[in-house]
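I opened this entry to look up how the chain is packed and divided, and I note below what I found.

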Amino acid sequence: MTIAIHESALIRHFNTRKEVLRNWEEHIGCRFSPFRGYKMPDSRLYVEHPDFLDSIVDLIITNERHIFLRGPVGSGKSTLMLLALRDLPTLADRRGNKFITGYVGMTGLYEKQMAAAIADSLRVKYRRSWESSQIIEAVAKESVRRYIEEKCRTALFIEDVADNQEAAFHKLRYLADLPTEEMMHEYPEALDEPIVTLIMSGTAVYWNAMLSFLPQIADRTEPLDVPALDDSKAREFIGRRIAYAQGRIDEFDPNNFDVYPFDEEAIRIINRAARGNPRDIRMLARGCQQVAAENLRKTGNPEVTSEIAELVCEAYATLLKEVR
Ligand SMILES: Nc1ncnc2c1ncn2[C@@H]1O[C@H](COP(=O)(O)OP(=O)(O)O)[C@@H](O)[C@H]1O
Ligand SMILES: [Mg+2]
């Protein structure tokens, strides 16, 4: 018996669309779509906010407060965390302490899952049979040992922190308050400052919830708002992505680059609709690419004009409202 394979309507459309997009990419010298998403951020695509980075670094160096990276979905909290996570182990604070980092990216965790996730992320050994308080105690002990013996502070990154079960916070709170009074008595010389810095993220709504439900942590935490991209940064966002897709990112000069085939006005229109949110800028730019690719096929012009941007932004306006 043979099975006849007919090219289905979906497959035909799928392949045609792909072809249209690829033609546009090739036309402007790109090897892939400049606006595809990445799981792991590449620091060469990152548009910097120098003042914002300074304020984070200052907080970490002075070691007096924990940090809450605050911003809407898509504003860049995770990206910043992952970049900081990568860089922090290569740095030292003003006392010469180095950093050991851990990252908890999953949310919706219960107490024990949170304890295990923290221990795993900091590479602290524990037994599966242990209670969450035993696991956290092991993390605390090891963090103290690392501080005293290796001159390493612990920086613990927790994504979308408020999305976890309430009980999980007690574990965080214990670590946030280290060293305990007892520990300080035991090592009066060596332990005179906090040894675990929490770097949490979440939306403004969650920060407010934390203020009322977890004042013990919130009082010692500095909320920092992830800045929105202004028009020149939105331009850089698009410029970097095009250069990246063209294989020219290592020669990218932030003071001198072009954004062809994007019209300057088109970028301003996109950024206004996205309100400076990088996730939304990317989504809108990809929408513009699709329309421009169709235009290229019909007229031979690959440009993303302000008309295309208007059209796409209008079409996405309702969608953006929904996902916000
Ligand atoms: N400063 C930035 N420069 C370039 N791209 C960014 C920047 N901030 C965020 N992005 C991109 O925007 C998207 C959303 O960022 P993400 O960090 O996941 O946001 P959040 O965690 O706040 O929801 C990702 O594709 C990321 O690569
Ligand atoms: Mg995130």
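Which residue caps the N-terminal end of H11? I found that Asp 263 does so, with a side-chain oxygen 2.8 Å from the backbone nitrogen of Glu 265. I should record that this is a predicted model, in which local features need pLDDT of at least 70 and side-chain atom pairs count only at pLDDT 80 or more, while totals for chains, interfaces and linings use all residues. Residues are numbered from 1 along each chain as its sequence is written, and side-chain values use heavy atoms, with hydrogens and water left out.

I then went along H11 (helices are DSSP runs of H or I, at least four residues, numbered from the N terminus) and noted Ala 266, Ile 267, Ile 269, Ile 270, Asn 271 and Ala 274 as buried (under 20% relative accessible area, 1.4 Å probe, protein chains only). Just after H11, Arg 275 takes a positive phi of about 50 degrees.

Next I looked up the largest nonpolar core (buried Ala, Val, Leu, Ile, Met, Phe, Trp, Tyr and Cys residues joined through side-chain atoms within 4.5 Å), which has 41 residues, with Phe 262 and Ile 270 among those with the most contacts inside it. H11 (264-274) is one of the elements that give two or more residues to this core, but H12 gives the most, with eight. Phe 262 touches, among others, Phe 35, Ile 238, Ile 270 and Cys 288, residues up to four places away in sequence not being counted (contact is heavy atoms within 4.5 Å). A second, separate core of 39 residues includes Ala 138, Cys 152, Leu 175 and Ile 217.

Key. Chains are lettered from A and ligands numbered from 1 in the order in which they are written. Buried means under 20% relative accessible area, exposed over 50%, partly exposed in between (1.4 Å probe, protein chains only). A polar contact is a pair of N or O atoms within 3.5 Å; within protein, one must be able to donate a hydrogen and the other to accept it, and residues adjacent in sequence count only if both atoms are side-chain atoms.
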